[in-house]
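Work through the exercises below with the model open. Try each task before reading its solution.

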Amino acid sequence: QVQLVESGGGLVQAGNSLRLSCASSGRPFRFYAMGWFRQAPGKEREFVARIAWSGGSTAYADSVKGRFTISRDDAKNTVFLQMNSLKPEETAVYYCARSRNSYVSGTAVAADYGSWGQGTQVTVSS
């Protein structure tokens with residue numbers, strides 16, 4: 001059983017930064033791609049960023065490219081999302097997810113991820 005727990009969310013002013021963490025207390029996810037998604041009320045869950053199982057490649061939604069950075073520390077079984085220059089429209093619950101398959105780079109499709117955390121709320125005020 002994979003257990004993912006997000007943390008680091010909160011209330012920030014537009015233009016400020018937050019760093020989200022996703023920790024696993026279950027089987028290590030070092031052989032899996034990891035992704036971050038977000039969901040605002042009334043909207044579909046959308047892709048934010050992903051990192052390959054090897055850590056060798058990353059990808060981002062166009063809307064966050066250049067401002068967000070995904071990284072992983074496999075020794076600590078933790079994935080991070082550094083979010084800079086936050087915008088009010090990025091208010092959402094942010095979710096960490098592990099890919100269904102091992103040894104993959106990951107995708108931007110939520111259905112390709114099989115394990116999800118409970119999410120952490122990020123609120124960006126104007």
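Is Glu-46 buried, partly exposed or exposed? Glu-46 has a relative accessible area of 38%, so it is partly exposed. The classes are buried under 20% relative accessible area, exposed over 50%, and partly exposed in between, with a 1.4 Å probe and protein chains only.

This is a predicted model: local features need pLDDT of at least 70, side-chain atom pairs count only at pLDDT 80 or more, and totals for chains, interfaces and linings use all residues. Residues are numbered from 1 along each chain as its sequence is written, and side-chain values use heavy atoms, with hydrogens and water left out.

**Exercise 1. Trace the sheet around strand S3.**

Task: give the strand order of the open sheet that holds S3, and identify its edges.

Solution.
- Step 1. Set the terms. Strands are DSSP runs (E, at least two residues), numbered from the N terminus. Two strands pair if DSSP finds at least two bridges between them.
- Step 2. Take one side of S3. Strand S1 (residues 4–7) pairs with S3 in the antiparallel sense, over 4 bridges. Ser-7 stands opposite Ser-21 of S3 here.
- Step 3. Take the pairing with strand S8 (residues 78–83). S3 and S8 are antiparallel, with 6 bridges. Ser-21 has Phe-80 as its bridge partner in S8.
- Step 4. Write the order. The open sheet has 4 strands, S1-S3-S8-S7, with antiparallel pairing. S1 and strand S7 (68–73) are the edge strands, and each pairs on one side only. On average, neighbouring strands of this sheet are turned by 15° against each other, direction ignored. For such angles, axes are lines fitted to C-alpha atoms, and values run from 0 to 180 degrees between N-to-C directions.
- Step 5. Check burial. In S3 (residues 18–24), 5 of the 7 residues are buried, so the strand is largely enclosed by the rest of the structure.

**Exercise 2. Account for the polar partners of Arg-72.**

Task: which backbone oxygens does the side chain of Arg-72 reach, and which acidic side chain meets Arg-72 in a salt bridge?

Solution.
- Step 1. Locate the residue. Arg-72 lies in strand S7. Its relative accessibility is 15%, so Arg-72 counts as buried.
- Step 2. Look for polar contacts. These are pairs of N or O atoms within 3.5 Å; within protein, one must be able to donate a hydrogen and the other to accept it, and residues adjacent in sequence count only if both atoms are side-chain atoms. The Arg-72 side chain reaches the backbone oxygen of Ala-52 at 2.8 Å. A polar atom of this side chain also lies 3.0 Å from the backbone oxygen of Tyr-32.
- Step 3. Find the charged partner. A salt bridge puts a side-chain nitrogen of Lys or Arg within 4 Å of a carboxyl oxygen of Asp or Glu. Arg-72 meets Asp-74 this way, at 3.0 Å from N to O. Asp-74 is partly exposed, at 29% relative accessibility.
- Step 4. Add the surroundings. Contact means heavy atoms within 4.5 Å. Beyond four places in sequence, the contacts of Arg-72 include Phe-29, Met-34, Trp-53 and Val-79.

**Exercise 3. Examine a buried acid without a salt bridge.**

Task: what does the side chain of Glu-6 reach instead?

Solution.
- Step 1. Glu-6 sits in strand S1.
- Step 2. Glu-6 is buried and has no salt bridge. The nearest side chain of opposite charge is Arg-45, 7.5 Å away. In this count Lys and Arg are positive, Asp and Glu negative; His and the chain ends are not counted.
- Step 3. The Glu-6 side chain reaches the backbone nitrogen of Gly-119 at 2.8 Å. A polar atom of the side chain lies 3.1 Å from the backbone nitrogen of Gln-118.
- Step 4. Outside its sequence neighbours within four places, Glu-6 contacts residues including Cys-22, Trp-36, Tyr-95 and Cys-96.

**Exercise 4. Compare the salt bridges.**

Task: how many salt bridges does the whole structure hold, and which residues join into one network?

Solution.
- Step 1. The search finds 5 salt bridges.
- Step 2. Glu-46 pairs with Arg-38 at 2.8 Å, N to O. Arg-38 is buried, at 6% relative accessibility.
- Step 3. Asp-62 and Lys-65 meet at 3.4 Å, N to O. Asp-62 is exposed at 67%, and Lys-65 is exposed at 52%.
- Step 4. Return to Arg-72 and Asp-74, a salt bridge at 3.0 Å. Shared partners join Arg-38, Glu-46, Arg-67 and Glu-90 into one network.
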